[in-house]
Amino acid sequence: MEYFLTEEQEMIRDLARKIAKEKVEPVAAELDETGEFPWEILNVLAESDLCGVYIPEEYGGFGGGVLEQCLVVEELSKACSGVAVSYAASGLGSFPILLFGTEEQKQKYIPSVASGKSLAAFGLTEANAGSDAGAMETTAVKDGDHYILNGTKQWITNGGEADIYTVIAVTDKTKGSRGNSAFIVEKGTPGFTFGKKENKMGIRASTTRELIFQDCRIPKENLLGREGMGFIVAMKTLDVTRPGIAAQALGIASGALEAALNYARERRQFGQPIASFQAIQHMLADMAIQIEAARALLYSTARMIDSGAKNYSKESSMCKVLASDVAMKVTVDAVQIFGGYGYMKEYPVEKMMRDAKITQIYEGTNQIQRNIIALEMIKEAARKR
Amino acid sequence: MNVIVCVKQVPDPAEAKIDKETKTIVREGVTNITNPFDMYGIEEGVRIKEKNGGKVTAVSMGPPQSEKCLREAIAMGADEAILVSDRALAGSDTLVTATALAAAIDKVGDYHLIICGREAIDGDTGQTGPGIAERLGIPHVTYVQKIREISEDKMIVERMIEDGYQVIEVKLPALITVVKDINEPRIPSLRGMMKAKKANIITMNAQDLSLDPDNLGLKGSPTQVIRQFTPEIVRKGEVLEGEPTEQAAVLVSKLLQTRVV
Ligand SMILES: Cc1cc2nc3c(=O)[nH]c(=O)nc-3n(C[C@H](O)[C@H](O)[C@H](O)COP(=O)(O)OP(=O)(O)OC[C@H]3O[C@@H](n4cnc5c(N)ncnc54)[C@H](O)[C@@H]3O)c2cc1C
């Protein structure tokens, strides 16, 4: 489908596609096997200026927005979604600063993310606080010119690899969700260490680790927004970044469809290519329909955000749910089209099926997204009366 | 340190076809790319500039659409680009091409090094690079796999030969042709691509270069293609008879006879 991207957007997409084809695809299976962090590829992305596509020019970026970021994520994800999420999570870690940071904070932290010299990460989840993020236990206690952080964040993408972390912690337990605050924590701060690297089902090239804070003192200048705004910072950030997960899911799905289509044309059974069987044709058609619908919703949402809409929680959740559910369905069907070969590691589709699952879980499970969508709908309806 | 890199646009080998009648490459309707060996030349030129300062000028001769590969060179870090283009130059062989490129390079002047790819993948002659050097009266080294040292007046390079390499010291200005072992061409950056999009490509025609109109294009080229054909491959197969052990003995003696082992 023709989305009438601008010349710059096409340039960004084509460049990301080239890197995905030349640098990511050849090593995707190996990265999946070893779980090695893809620094080499991230350095290529940095040198090609793709790390800053969504960052304003005054902070060293290219001046694009969510759509530009999504185009890169989608292309990378077609080849390896573990690489794509390592790239995208840097956006997740830096959007809180872009959205809520002071001029000084932006000047200090964003240019190195834009140039790709530093990665960023976002620490919200804890062992006992997943969907229920408000149940977090990590604390930040003010002590003169500092805050002292204690607690453990769990399953943080880019943990240990990133230099810049935005972390949500409790500053006032009595105030519930209004008692959380967001902080910027630099790697190397005394009292800030990392737990073990998780061994995952998919997106294995990405790193998922604990952030451990033990009497970690950070300067009070590292508070993002005001005290008590932590929850808002997290929610507004996730509204902007969920399309990135949709793009990741969409990339996996498109990659799987392309592989399945090519395979169906080559694989012969009963004396003919399996692509000549209507059962296979309909599966391919359904995959394509779902992917295009997910892409249309994603690009529209990204454009809505980039055009300055005020509230886009609902749309952001919708595109994430649709694209991730599509990715799961499409990758399962891709394995089906490959038959037994699809179940083997020699072919790329079993990895895509494993990779797809996470997109229904993180940055808010699809159940939580549906909660958000329904709540927004009910609020809108109530306002109309 | 000023470097000139020569680039040529060639048909993408993934799509290239040979005309069954004329036996020549079909150039219509196929995607054109920058000659892959020239990419190594551009990369090496840009690396030299990044280390030693100066500028990189990309030069190409070809039809107007060759501009695309000059813009690619700029996206990778070249500073300027020159396109030598003239209808009168169509059909030129390597001698005329080398003459025209040498004239353009001479016009640019003030260079320390000229880099060409080892050959263009469409013609496969590898003659244009040395031809340019001859026209300019400067030394050249072909098949360079590594630049060990480079300064304003000389360089030490490794020249690839069949089973090893030679170490050669050469005075500058000089011309080298490079092989793919020399580097890994970078992926262009977004900023580079933006710059390339806006860049002004200097074009020169035969008159600008004061080329002799009688010695241009097909009629000015001493190379005349009489006939092109695909050589017939004559392969003889032989099936050995007897028990496996006997067959093995026969095979070994035959291999010894033919000096394969
Ligand atoms: C690989 C990976 C990377 C991650 N990266 C990051 C990161 O970088 N930063 C970060 O902060 N977090 C990260 N996370 C955490 C992720 O966001 C959480 O896993 C996710 O929010 C879900 O939380 P949970 O796993 O605790 O599931 P739970 O909240 O325990 O949910 C379990 C199940 O219950 C359902 N459920 C829960 N509550 C409700 C409800 N109210 N209504 C209906 N159903 C409900 C859920 O949908 C789910 O099906 C990552 C997780 C993984 C696996």
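**Helix α7(A) against helix α10(A), and residue Thr177(B)**

Tutor: In this predicted model, the axes of helix α7 (residues 230-266) of chain A and helix α10 (residues 349-358) of chain A come within 10 Å and cross at roughly 160 degrees. Residues are numbered from 1 along each chain as written, and local features need pLDDT of at least 70.

Student: Why are α7(A) and α10(A) called roughly antiparallel?

Tutor: Angles between N-to-C directions run from 0 to 180 degrees, and those over 145 count as roughly antiparallel. The angle here is roughly 160 degrees, and therefore the two helices are roughly antiparallel to each other.

Student: Which residues of α10(A) make the contact with α7(A)?

Tutor: Contact means heavy atoms within 4.5 Å. On α10(A), Val349(A), Met352(A), Asp355(A), Ala356(A) and Ile358(A) take part; on α7(A), Gln248(A), Ile252(A), Gly255(A), Ala256(A) and Ala259(A) do.

Student: What makes α10(A) largely enclosed by the rest of the structure?

Tutor: A residue is buried when its relative accessible area is under 20% (1.4 Å probe, protein chains only). Seven of the ten residues of α10(A) are buried, so the helix is largely enclosed. Among them are Val349(A), Met352(A) and Arg354(A). The elements covering the buried residues include α2 (28-34) and α9 (313-338) of chain A.

Student: How do you know that Thr177(B) is buried?

Tutor: Thr177(B), in strand β10 (residues 174-178) of chain B, has a relative accessible area of 2%. The limit is under 20%, and therefore Thr177(B) is buried.

Student: What lies 3.0 Å from a polar atom of the side chain of Thr177(B)?

Tutor: The backbone nitrogen of Tyr143(B) does.

Methods. Chains are lettered from A and ligands numbered from 1 in the order in which they are written. This is a predicted model: local features need pLDDT of at least 70, side-chain atom pairs count only at pLDDT 80 or more; totals for chains, interfaces and linings use all residues. Side-chain values use heavy atoms; hydrogens and water are left out. Helices (H or I, at least four residues) and strands (E, at least two) are DSSP runs, numbered from the N terminus. Angles under 35 degrees count as roughly parallel, over 145 as roughly antiparallel, 65 to 115 as roughly perpendicular and the rest as oblique. Buried means under 20% relative accessible area, exposed over 50%, partly exposed in between (1.4 Å probe, protein chains only). A polar contact is a pair of N or O atoms within 3.5 Å; within protein, one must be able to donate a hydrogen and the other to accept it, and residues adjacent in sequence count only if both atoms are side-chain atoms.
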